[in-house]
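Me: Please take a close look at one part of this predicted model. I would like the charged surface region and what lies around it along the chain.

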Amino acid sequence: MLLVICPEAAVARWCSRPIDLGHPGLVLTPLVAGPDEVPVITDPGQAADDIELAMLSVIHHATTPQGPDILNALFAALHNLDRDQGGMYR
């Protein structure tokens with residue numbers, strides 16, 4: 001499995017093309033997370049429910065008009081993590 005994270009939609013479309021690996025019938029189709037696949041997360045509660053998706057939301061949408069709200073939601077979610085879970089993101 002190959003996951004490609006592309007903050008630009010055009011690059012995400014290009015990366016999603018199947019890759020023929022040379023052996024008959026062996027084709028790799030990458031999983032692509034582009035801006036069209038990643039939601040805009042501005043709610044701290046939603047960000048807290050899925051920190052990793054909230055981080056992808058920042059990567060893909062930080063330069064949009066919702067960027068400050070996305071960052072604030074992620075920061076609030078990170079601030080409220082318990083010590084064990086928060087230690088994973090240092």
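Reply: Start with Asp-49. It sits in helix α2, which covers residues 44–49. Its relative accessible area is 70%, so Asp-49 is exposed, the cut-off being over 50%.

Next comes Asp-50. This residue lies in the loop between α2 and α3. Asp-50 has 33% relative accessibility and therefore counts as partly exposed, a class that runs between the 20% and 50% limits. Its C-alpha atom is 14 Å from that of Met-88, and the two residues are 38 apart along the chain.

Both aspartates belong to a patch of negative charge on the surface. The other members are Asp-43 and Glu-52.

Now helix α3, residues 51–61, where Ser-57 is found. Is Ser-57 buried or exposed? Ser-57 is buried, because its relative accessibility is 0% and the limit for buried is under 20%. Leaving aside residues up to four places away in sequence, Ser-57 touches Val-38, Pro-39, Val-40, Ile-41, Ala-62 and Ile-70.

The surface also carries a nonpolar patch. Met-1, Leu-3, Ile-5, Leu-31 and Ile-59 form it, with about 570 Å² of accessible area together. One of them, Ile-5, lies in strand β1, residues 3–5. Ile-5 is partly exposed, since its relative accessibility is 42%.

To recap: Asp-49 is exposed, Asp-50 is partly exposed, and Ser-57 is buried.

Note on methods: Residues are numbered from 1 along each chain as its sequence is written. This is a predicted model: local features need pLDDT of at least 70, side-chain atom pairs count only at pLDDT 80 or more; totals for chains, interfaces and linings use all residues. Side-chain values use heavy atoms; hydrogens and water are left out. Patches are made of residues with over 30% relative accessible area and no salt bridge: like charges are joined within 9 Å, nonpolar side chains (Val, Leu, Ile, Met, Phe, Trp, Tyr) within 5 Å. Accessible areas come from the Shrake-Rupley method with a 1.4 Å probe; for residues, only the protein chains shown count as cover. A salt bridge is a side-chain nitrogen of Lys or Arg within 4 Å of a carboxyl oxygen of Asp or Glu. Lys and Arg count as positive and Asp and Glu as negative; His and the chain ends are not counted. The place of a charge is taken as NZ of Lys, CZ of Arg, CG of Asp or CD of Glu. Helices (H or I, at least four residues) and strands (E, at least two) are DSSP runs, numbered from the N terminus. Buried means under 20% relative accessible area, exposed over 50%, partly exposed in between (1.4 Å probe, protein chains only). Contact means heavy atoms within 4.5 Å.
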